[in-house]
Amino acid sequence: MKNVKVLLIEDDEILSKVIFEELKDAGFGAIRAFDGEAGLKMAKSSKPDLILLDLILPKKHGLDVLKELKSSPVTANIPVIILSMLGQDEDIKKGLKLGANDYIVKSQHPLAEIIEKIKDFFAKEQHPEAKKSPKSKSSKSKRTKVKIVNK
Amino acid sequence: MDKTCERQLEEYKYLCDSLPDALAILDKKGRLLMVSKALLDLTGHKKKELIGKSVLDLQLISKEELPAVAKKIKQVLAGKKEFFHDITITTKNGKKLIGEINDKKIKYQGKDAVLIIARDVTQQREIERELLFKSILLETQKESSIDGILIVDDKGKILSFNEQFKKIWGIPEKVLKTRLDEKMLAFVTPQLENPDQFIKGVQYLYKHKKKKSRDKILLKDGRVFDRYSAPLIDPKGNYLGRIWFFRDITKRVRLDKLKTEFVSIASHQLRTPLTAIRWVTERILRNNDLPAKTREYLNDIHFSCQRLSDLVTNLLNVSRFEEGEITIYPERIELVSFIENYLKEAALSAKGKEITLLFKKHPSKLIVSLDRNILRNIIQSLVSNAIEYTPHKGKVEISLEKRDSRIFLTVSDNGIGIPQKEQATIFDKFTRGSNASLQKPFGSGLGLYLAKRAVELLKGRIWLKSEEKKGSEFFVELPLKVKKKIGKKPFAP
């Protein structure tokens, strides 16, 4: 995945660091920006394959960044996944209308799942028919026993 | 006396006796010269007990009122105008009545005399007193109300209003004095944020006379009024007019908005650091060389974050329910794997407890079209409760069934159960079982409340069977699909 460049635009330093390191560990070529303006500039200059875009950003709101990305021919085709927090449903809706490809509610997912989602995204991009295959494996057994023994 | 005279007298007597009012004629000394039958009925006396005696001696009139009565008789004889007054009459058997008396000077058998016409007005006076009381009560209620009140008749003429009404709309006295609804409307509408809608509402109610209505009115100056209107209808069902109540709810609306904003901001502000803690922990936990104790502590941190996060979600959902309509966004979901995936997560959170979590009976696949977040909340509330309130080495069983076009989900445990008398209210907001509070002092009491609201959003039913110290069994019935509904906000996952 080294040849896949992901631009992360996220202002919270710790969240940014964790996602950034996770992306690198997963083998993506990761670059990052901490505010809307810098993110937009970086998107134009380094033309990433995917942008992970937080919504509440200093200097320029994520939705404005998205609008500008989609209106410039240089960046209009770069897929965007919105990184949002719970409670931003209205903004997510607006974002999807503006042309975002997907969204992730940060607080809702383990970190690993976010990488899964990005990987899935590229898998679907390459194999459009894969979209229809169910993600979760359904168990055929009538009895699923989850025995939990901690310690 | 000649015959004509005698006949006239007979007729005159007959006439007197047929009148419903009691008649009596007194001479100058107050002695009764003539009494009609109605007077005998009124007083309970026989004719011979009265004729020739003075009304002042007869104890028909109470002692306190005697001087006034005597004075009036004198004044009438002296040529004063007739009088109308009430006196208390005591009948022969001691009953007290209120009599309305009319004194008049006449000539009787050639001499000056007083004609008294008496009428029993006891009941009438009682009704009048009651009416007066009621009208005072009504007036007091109207004036002490925090609502601005306006009453108009069936033609839109203003019948009544209170000070508060004048005050909140700032309507000048001269406008109200016209008593014309349209003059007042012309004064009110320029103050409104949305006058057309207001006028439409008023016109609708004047057309649909028997309708009640309640809505919010926004004013240009930022105030918000709660408007309530009801028709005035008499017992026969005739429309008499309409009453309007206006209550200034600006403060309440502002507070509600602040509260909602606060919850929303708080939830956002809490979640960012929570997510950071969880994700960092997650990354450290991936290191296989961690000492056992370190791993345990990190798991504790991770688990606590999850709990906090769930609590924030619940609070957010409660505030969304209170805000109003919730969006329902159905998606195609394979329910069996949906539940299995959740159970894997739940298994992790059953930390420190040895509990058998069993997805006991279910079809191999079950496709539904329901809202993912709402569905997850239902399953999560029930399963996490079952795990929480089931002791070490306990058992939590989940089963899923499809019957006709409904799905039936059961979550049962052999935990502490819910006391019989608390079962009816266990789905209420901020309500917990008394035994649950003993086991775990701090719980939000929101889980089952939200689960019930969530089930109802999906047009389903939820109920339970439980016995204290033996366990609980929660049943959920849901349709296979729900219709999409656009509300204000979605259910937070």
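This note covers the nonpolar cores, Arg179(B) and helix 8 of chain B in a predicted model.

1. Start with the cores. The largest nonpolar core has 53 residues. Val383(B) and Ile398(B) have the most contacts inside it. Apart from this core lies another, of 27 residues. Val35(B), Leu50(B), Ile87(B) and Val114(B) are among them.

2. Look next at Val383(B). Neighbours within four places in sequence are left aside here. Val383(B) is then in contact with Tyr342(B), Leu343(B), Ala346(B), Leu357(B), Ile398(B) and Val411(B).

3. Move to Arg179(B). This residue sits in the loop that runs between helix 7 (173-177) and helix 8 (181-188) of chain B. Arg179(B) counts as partly exposed, because its relative accessibility is 31%, between the cut-offs of 20% for buried and 50% for exposed.

4. Check what Arg179(B) meets. Not counting residues up to four places away in sequence, Arg179(B) touches Gly156(B), Lys157(B), Ile158(B), Leu159(B), Ser160(B) and Phe161(B). Its side chain reaches the backbone oxygen of Leu159(B) at 3.1 Å. Val152(B) is 27 residues apart from Arg179(B) along the chain, and their C-alpha atoms are separated by 8.9 Å.

5. Helix 8 of chain B follows. Asp181(B), Met184(B) and Val188(B) are buried in this helix. Seen down the helix axis, the buried residues fall within an arc of 70°, so they line one face of the helix. The face turned away from that buried side carries the exposed residues Glu182(B) and Ala186(B).

6. Finally, the cover. What covers the buried residues of helix 8 includes two strands of chain B, strand 6 (148-153) and strand 7 (158-161). Helix 6 (163-169), helix 7 and helix 9 (195-207) of chain B are also included.

Technical notes
Residues numbered from 1 in each chain as written. Chains lettered and ligands numbered in written order. Predicted model: local features only at pLDDT ≥ 70, side-chain atom pairs only at ≥ 80, totals over all residues. Heavy atoms only, no water. Core = buried A, V, L, I, M, F, W, Y, C linked by side-chain atoms within 4.5 Å. Buried < 20%, exposed > 50% of the residue type's maximum accessible area, 1.4 Å probe, protein only. Contact = heavy atoms within 4.5 Å. Helix = DSSP H or I, 4+ residues; strand = E, 2+ residues; numbered from the N terminus. Polar contact = N/O pair within 3.5 Å; in protein donor to acceptor, adjacent residues only side chain to side chain. Arc of directions from axis to C-beta.
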